[in-house]
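Visitor: Please pick one small part of this molecule and take me through it closely. Then work outward from there, so that I can follow it on the screen.

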Amino acid sequence: MSDSLNTPDAPAGSTPAEPARRARVKGEPRFPDGPKPDPAGSHFERRIRSFQPRRSRVTTAQADALERLWPKWGLDIDGQRIVDLAELFGNDNPVVLEIGFGMGEATAQMAAADPATNILAVDVHTPGQGNLLALADHHGLSTVRVANGDAIILLREMLAPDSLDGLRVYFPDPWPKKRHHKRRLIQPEFLTLAAARLKPGAILHCATDWEPYAEQMLEVLSAHPDFENSQSDGGFAPRPDFRPLTRFEGQGLDKGHVVNDLLFRRVPHDDQR
């Protein structure tokens, strides 16, 4: 395995002279066997979402990964079944859910550093989905699965109680305008849902470079009865070694941004206390 986990080049065997892809007929999906544009469709109520899909160009390497690997390592969040995580990963390793992975470089680094932990990584950004699949394939990271769609539907409809060994929410959209604060992911309702899927003792790890959001996260998490701060002083945590320093984060630090980590533990259920 290479020490570098940068985006891999185009697949071996491809050349600049490779024929152009066939033009799609209007209405034809770009990746027929890949991630669906709206996997849950109209099955669930429309609500205020904490994310907005981003459209950008899919590279040849990303498209190739989506076409080859989505049927094997991809999961559309349709809300129609409970996912058997042992079957999805092909093992009984602990499973950590990561919500919002961007282009997937940090996810791939964490998977490489901890091959005994499965990572179910959720995002709606098609280039990022393809990039993470390409990274996982290139570096032999068979413990990564990529989920497409709304993480709330995944948690509420498709994961069993006490099925997760950890939850990571790194650099979620801060929705800085006051009128948009209701769109922020870390809210009491989300924490209650997450707590129902986390095993007692599991860690919820959040990180943000938007200080007002960090303060809100700390306030909401500290007040929630299902979580306790891992820090004895009740404050923010130093960045743990297992969370890679991303390029985005490094650029923010160069600009003087303050990055705050929060590590909160799922407390035992009432009948276990």
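Guide: Start at L69, which touches G74, L133 and D137 once its neighbours within four places in sequence are set aside. Keep in mind that this is a predicted model. L69 belongs to helix α1. The residue is buried, because its relative accessible area is 3% and the cut-off for buried is under 20%. A134 shows how the chain folds back towards this point: L69 and A134 are 65 residues apart in sequence, yet their C-alpha atoms are 8.3 Å apart in space.

One of the contacts of L69, D137, also takes part in a salt bridge. Its partner is R68, and the closest N and O atoms of the two lie 3.0 Å apart. R68 sits in helix α1 (residues 60–73) and D137 in helix α4 (residues 126–138), so this pair ties together parts that are 69 residues apart in sequence. Side chains of opposite charge can pair when their charged atoms come close. Neither partner counts as buried: R68 is partly exposed at 42% relative accessibility, and D137 is partly exposed at 31%. The next residue along from R68 is therefore in another class, since L69 has a relative accessible area of 3% and is buried. D64 joins in as well, and D64, R68 and D137 make up a network of salt bridges.

How many salt bridges are there in total? The count comes to nine. Two others are worth finding. R156 pairs with E157, with the closest N and O atoms 2.8 Å apart. Both ends are partly exposed, R156 with a relative accessible area of 27% and E157 with 26%. The other pair is K199 and D165, whose side chains meet at 3.2 Å, N to O. This pair links distant parts of the chain, as K199 is in strand β6 (residues 198–208) and D165 is in strand β5 (residues 164–170), 34 residues away. K199 is partly exposed, with a relative accessible area of 32%, and D165 is partly exposed at 27%.

That last pair leads to the sheet. Eight strands form an open sheet in the order β1-β4-β3-β2-β5-β6-β8-β7, with mixed pairing. At its edges are β1 (74–76) and β7, each of which pairs on one side only. From one strand to the next, the twist averages 25°. Strands of a sheet pair through backbone hydrogen bonds, either parallel or antiparallel.

Now look at β5. Six of its seven residues are buried, which leaves the strand mostly covered. On one side β5 runs parallel to β2, and three bridges join the two. Here E98 stands opposite R168 in β5. β5 also pairs with β6, in the parallel sense, over six bridges. There R168 has H205 of β6 as its bridge partner. H205 in turn stands opposite L263 in β8. The pairing of β6 with β8 is antiparallel and also has six bridges. Following E98, R168, H205 and L263 is thus a way to step across the sheet, one bridge partner at a time.

Two helices can be placed against these strands. Helix α5 (residues 151–158) lies across β1, β2 (95–99), β3 (118–123) and β5, and runs at about 145° to β2. Helix α7 (residues 211–223) has 13 residues and reaches 18 Å from its first C-alpha to its last, close to the 18 Å expected at 1.5 Å a residue. Its buried residues are Y213, A214, Q216, M217, L218, V220 and L221. The cover over them includes α6 (188–197), β6, β7 (227–229) and β8 (260–266).

Stepping back, the whole protein has eight helices and eight strands. Of its 273 residues, 48% are buried. Its accessible surface is about 14100 Å², and carbon and sulfur atoms account for 50% of that. Among contacts between residues at least 6 apart in sequence, 81% join residues at least 24 apart. The salt bridge between R68 and D137, 69 residues apart, spans a long stretch of sequence too.

Notes: Residues are numbered from 1 along each chain as its sequence is written. This is a predicted model: local features need pLDDT of at least 70, side-chain atom pairs count only at pLDDT 80 or more; totals for chains, interfaces and linings use all residues. Side-chain values use heavy atoms; hydrogens and water are left out. A salt bridge is a side-chain nitrogen of Lys or Arg within 4 Å of a carboxyl oxygen of Asp or Glu. Helices (H or I, at least four residues) and strands (E, at least two) are DSSP runs, numbered from the N terminus. Buried means under 20% relative accessible area, exposed over 50%, partly exposed in between (1.4 Å probe, protein chains only). The expected span of a helix is 1.5 Å times one less than its number of residues. Contact means heavy atoms within 4.5 Å. Two strands pair if DSSP finds at least two bridges between them. Axes are lines fitted to C-alpha atoms, for helices over the stretch in contact, and angles run from 0 to 180 degrees between N-to-C directions. Accessible areas come from the Shrake-Rupley method with a 1.4 Å probe; for residues, only the protein chains shown count as cover.
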